[in-house]
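Good morning, colleagues. Please bring up the sequence and the coordinates, and I shall begin once they are on the screen.

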Amino acid sequence: MLSIEKESLKLYLERNRNIFESKIISGVGEIISGISLTITLVCSEIKQQVLFLSPGAFRIILWIVTSLILLWGMVQSIISIKSHRTVESIYNDIEELGKSDGKSHIFNMVLLKSDKSDGKFLLYKDVRWRCELFPNYKVLDEDYIIDKEKTNVLSKFSSDTGISKTKLKIQYVGEFTNTKYSVGDKVNKTYIFHFYILTAKPLDEQYTHAFSYNGKQYKWKTLNEMYKSKNIKKKNRDVLDYIRSNNL
């Protein structure tokens, strides 16, 4: 997460106040052009045929064009005035971005590696996040007893994927905390992720490629493939970075 000292941010915004609080209002040029055309039309008289149009028809077209120019200029001016920002409002918005909902959301993150030694991990398609994520489960208790969590993770993972618990081995590898935007709930949240590596050898043939089970779609991808996905990198880069930095 990007970290900026409050005073440094305030100083930067203040130094660039003239840029952020631009007094230029859009649409002024169109309004002036429309007024000029209106004055011209009122003060002039068209007596000759223009192209294939009679003087009256041509005058009507000019009035329509003039009205549209004036209307467009007015609309742009209103939008410009409503969207005008001050340095103070920009600072408040940036400050809000750094706030979370005040709670810690604790999840167990499951890393199942392919048994083909190709560096691929199992992902599932999350509907709410509209993204491929590592299987994850809410913890049983905030006190966090690893043995209990291991049993729960194995049970839920097996139920979700259809892979028998008897074929799975589980290892706790660590945790990390991060505050980021929750796409599902549309608010910043502080997450605590506990990581587990699962191994399953050998996997049944049906699980060695993309598969579906209990309404969920699963796919195998390497870390490099995940980093190449703009969607995954945008929503889950903190998890990818943790896995890479710890050589999981």
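Asp 160 belongs to helix 6, which spans residues 146–161. Please keep in mind throughout that this is a predicted model. Is Asp 160 buried or exposed? Its relative accessibility is 18%, and the limit for a buried residue is 20%, so Asp 160 counts as buried. Its side chain makes a polar contact, at 3.0 Å, with the side chain of Tyr 137. Setting aside residues up to four places away in sequence, Asp 160 touches Tyr 137, Tyr 213, Asn 214, Lys 216 and Tyr 218.

Two of these partners lead to other parts of the model. Lys 216 has its charged end over the ring of Tyr 124, 4.9 Å from the ring centre. Tyr 137, for its part, is the bridge partner of Asn 108 in strand 4, and that brings me to the sheet.

The sheet is open and consists of four strands in the order 4-1-6-5, with mixed pairing. At its edges are strand 4 (136–138) and strand 5 (168–182), each of which pairs on one side only. On average, neighbouring strands of this sheet are turned by 25° against each other, direction ignored. As a general reminder, strands of a sheet pair through backbone hydrogen bonds, in either a parallel or an antiparallel sense.

Both senses occur around strand 1. With strand 6 (residues 187–200), strand 1 (residues 104–112) pairs in the parallel sense over nine bridges. Within that pairing, His 105 has Tyr 191 as its bridge partner, and Val 110 has Tyr 196. With strand 4, strand 1 pairs in the antiparallel sense over three bridges.

How many of the nine residues of strand 1 are buried? Eight of them are, so strand 1 is largely enclosed by the rest of the structure.

Which helices pack on this sheet? After the pairing of strand 1 and strand 6, helix 6 should be considered: it packs on the sheet and touches strand 1, strand 4, strand 5 and strand 6. The direction of helix 6 makes about 90° with that of strand 5. Helix 8 (residues 230–245) also packs on the sheet, touching strand 1, strand 5 and strand 6. The direction of helix 8 makes about 140° with that of strand 5.

Let me turn to the aromatic residues. The count comes to twelve aromatic pairs. In one of them, the ring centres of Phe 121 and Phe 134 are 5.8 Å apart and the planes stand at 85°, so this pair is edge-to-face. The pair links distant parts of the chain, 13 residues apart: Phe 121 is in strand 2 (residues 120–126), while Phe 134 is in the loop between strand 3 (131–133) and strand 4. Phe 121 is buried, with a relative accessible area of 3%, and Phe 134 is buried as well, at 1%.

Another pair involves Tyr 191 and Phe 193. Their ring centres lie 5.4 Å apart with the planes at 10°, so the pair is stacked. Tyr 191 is buried at a relative accessible area of 5%, and Phe 193 is buried at 4%. Ring pairs join these residues with Phe 107, Phe 176, Phe 195 and Tyr 242 into a cluster. In addition, the charged end of Lys 180 sits over the ring of Tyr 191, 5.8 Å from its centre.

Next, a loop residue. Thr 208 lies in the loop between strand 6 and strand 7 (211–213). Its relative accessibility is 17%, so Thr 208 counts as buried. A polar atom of the Thr 208 side chain is 2.7 Å from the backbone oxygen of Glu 205. Apart from neighbours within four places in sequence, Thr 208 is in contact with Lys 116, Leu 203 and Trp 220.

Finally, a word on backbone geometry. Most residues other than glycine have a negative phi. Tyr 144, although not a glycine, has a positive phi of about 55°. Tyr 144 lies in the loop between strand 4 and helix 6 and is buried, with a relative accessible area of 14%. Asn 247 also has a positive phi, near 50°. Where does Asn 247 lie? It is in the segment after helix 8, and it is exposed, with a relative accessible area of 71%.

Thank you for your attention.

Technical notes: Residues numbered from 1 in each chain as written. Predicted model: local features only at pLDDT ≥ 70, side-chain atom pairs only at ≥ 80, totals over all residues. Heavy atoms only, no water. Helix = DSSP H or I, 4+ residues; strand = E, 2+ residues; numbered from the N terminus. Buried < 20%, exposed > 50% of the residue type's maximum accessible area, 1.4 Å probe, protein only. Polar contact = N/O pair within 3.5 Å; in protein donor to acceptor, adjacent residues only side chain to side chain. Contact = heavy atoms within 4.5 Å. Pairing = 2+ DSSP bridges. Axes fitted to C-alpha atoms, helices over the stretch in contact; angles between N-to-C directions. Phe/Tyr/Trp six-rings, centres within 6.5 Å; stacked < 30°, edge-to-face > 60°. Lys NZ or Arg CZ within 6 Å of the ring centre and 35° of its normal.
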